[in-house]
Amino acid sequence: MSFLAPQAEKPASAPAESADPRSYLLDEHNTEQYRESVTEGVQRVIGELLDPDHQPTTGVAPEQLAPVIGRIDLDEPLPDTKSALDELERVYLHDAVYFQHPRYLAHLNCPVVIPALLAEAIGSAVNSSLDTWDQSAGGTFIERRLIDWTAARIGFGSEADGVFTSGGTQSNLQGLLLAREQALHGHEDGAGTDRATALSRLRVIASADSHFSVVKAAKLLGMGPDSVLTVPTDEHRRMRSDELHERLRDCREAGSVPMAVVATAGTTDFGSIDPLPEIAALCERFGVWLHVDAAYGCGLLVSRERARLEGIERADSVIVDYHKSFFQPVSSSAVLVRDGSVLRHVTYHADYLNPERHVTEQVPNQVDKSIQTTRRFDALKLWLTLRIMGPDTLGRLFDDVLDLAERTWEMLHADPRFEVVNRPELSALVFRYVPFAEADGQLCDRVNLHAREALHRSGAAMVAETVVDGSTYLKFTLLNPRTTLRDVAEVCELIVEHGDRYLSGTHEAGTERRAS
Ligand SMILES: *Cc1c(COP(=O)(O)O)cnc(C)c1O
């Protein structure tokens, strides 16, 4: 068998033991197998979507699936791709949670656009790594153009820069890392206790409704448990700027140093947008870094409601999750900074990868801007999305869910059976079923929890839960332009049905307990 002669194509069903191991590599010898294999995988997904019983979930319980997956012998491969896909249907595809279903209304997950899926297939096949020019070539400039495009949408000037990341959590970490290094300016690495003392005085200020990844980031950045100061929110669940003002003054008086204010443009629970112009003005006055977490609200950048983000252009750093409101598959996120030169805080050189001379030779190495090294070409998804759909069409998808959220609020607000906490600025809506006039708080909590769990178990719909002022609420996160008001109304009726069933059950059980 000469290694110069191309191998015969292996049929997808060749027994694993007898297969030439190289027949599994994607190269010029195995193009048919590649096509067949990927097409077969696509067919299985289509099969699930077209299944007449397709629901957002089967409601499978962990104790049902764990043993099914646990029993599989990973040292004993199946005879062919088809068998592996049959098995995958049983252990994954059948019971997966499907975000494209119009009655998936739970978390910040979107249906994904086909141009982005095409890009996923191309990106993972070519497998560029975006750390250095010599592992990426054109991918580098595609990513850079998309960073520039996003920065322009934000309203940043020509000094802006940024990088794609794995998600909002990583983006927040990097944004706050840059803020920390700016705040520690003059306390360079190795300055010993000087830097440690300076670090211990740093504070991050964020609203009570900010994302928990802010606190996590502070911990990772070596800051103490009390380093994140919380600002209360107003009746629209937005950061109160008078309270922020007080925190900034308190810091100054206490001799601590506010390293960053985190404003949230679209909180995870309520989709509320902190008052960016007022917060920006305070940050400018106190000379504090403004970090805007637009993981959720970034969809407004392409929406007719762009004005709701006014003030974002005054931030020092902004994070966006394209995998939330740009209808992109996980992962796709970016951190952007108004002054690109601050990215130098994550620049380190390795002789084997991005030697220092590359700086003068102007070799475009994205690793110089990232906290990752080997890095997926996630930008390709947004690229093909923009080149095939264009930003306005993408924005219309987000506008549709904003409209749906408003109409859902009107419907729930007019229905005396429900209590609604927020009128959505984006597409998240917190509410609960209140089945009796004289609310017994704890019973109401249990009714709603039960309704959510029963809905999930039935597979008919998925909604989220959260806690507001100590009470349990349900949450719709509307990100599917296919979801209609009628879908939402039907889910509301199911919530009432499950809630009522629980109530009649408890009342009976309660009677029994009293009788015994
Ligand atoms: C989702 C979210 C994050 C975290 O983003 P991931 O992509 O899940 O890591 C951060 N901030 C806000 C406001 C979010 O909604």
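Across the interface of domain 1 and domain 2, 3 salt bridges are found, a salt bridge being a side-chain nitrogen of Lys or Arg within 4 Å of a carboxyl oxygen of Asp or Glu. The structure is a predicted model, in which local features need pLDDT of at least 70 and side-chain atom pairs count only at pLDDT 80 or more, whereas totals for chains, interfaces and linings use all residues. Residues are numbered from 1 along each chain as its sequence is written, and side-chain values use heavy atoms, with hydrogens and water left out.

The protein chain is divided into domain 1 (118-388) and domain 2 (392-510), with bounds that come from an automatic or database domain assignment. The centres of the two domains, taken over C-alpha atoms, are 33 Å apart, and 25 residues from domain 1 and 20 residues from domain 2 take part in the contact, where contact means heavy atoms within 4.5 Å. Between domain 1 and domain 2 an area of about 2000 Å² is buried, 57% of it given by carbon and sulfur atoms; buried area is the accessible area (1.4 Å probe) that two parts lose on being put together, summed over both. On the side of domain 1, Phe270, Tyr296 and Phe327 lose the most area to domain 2, together 33% of what that side buries.

Helices (H or I, at least four residues) and strands (E, at least two) are DSSP runs, numbered from the N terminus, and two strands pair if DSSP finds at least two bridges between them. An open sheet of 7 strands, with mixed pairing, follows the order E2-E8-E7-E6-E5-E3-E4. Its edge strands are E2 (161-165) and E4 (228-231), each of which pairs on one side only. Within this sheet, strand E7 (residues 317-321) and strand E8 (residues 333-337) pair in the antiparallel sense over 5 bridges, and valine 320 stands opposite alanine 334 in E8. Helix H6 (residues 168-183) packs on the sheet, and its direction makes about 175° with that of E6; axes are lines fitted to C-alpha atoms, for helices over the stretch in contact, and angles run from 0 to 180 degrees between N-to-C directions.

A further open sheet is formed by 5 strands in the order E1-E11-E12-E10-E9, again with mixed pairing. Strand E1 (104-105) and strand E9 (418-420) stand at its edges with a single partner strand each, so one side of each is left without a neighbour in the sheet. Strands E10 (residues 428-433) and E12 (residues 471-477) pair in the antiparallel sense over 4 bridges, with phenylalanine 431 opposite leucine 474 in E12. Helix H14 (residues 391-413) packs on this sheet and touches E9, E10 and E12, its direction making about 20° with that of E10.

In the whole structure, 35 salt bridges are found. One of them joins arginine 376 to glutamate 120, with the closest N and O atoms 2.6 Å apart. Because arginine 376 lies in the loop between helix H12 (357-360) and helix H13 (379-388) and glutamate 120 in helix H4 (residues 114-126), the pair ties together parts that are 256 residues apart in sequence. Arginine 376 counts as partly exposed at 44% relative accessibility, whereas glutamate 120, at 18%, counts as buried; buried means under 20% relative accessible area, exposed over 50% and partly exposed in between (1.4 Å probe, protein chains only).
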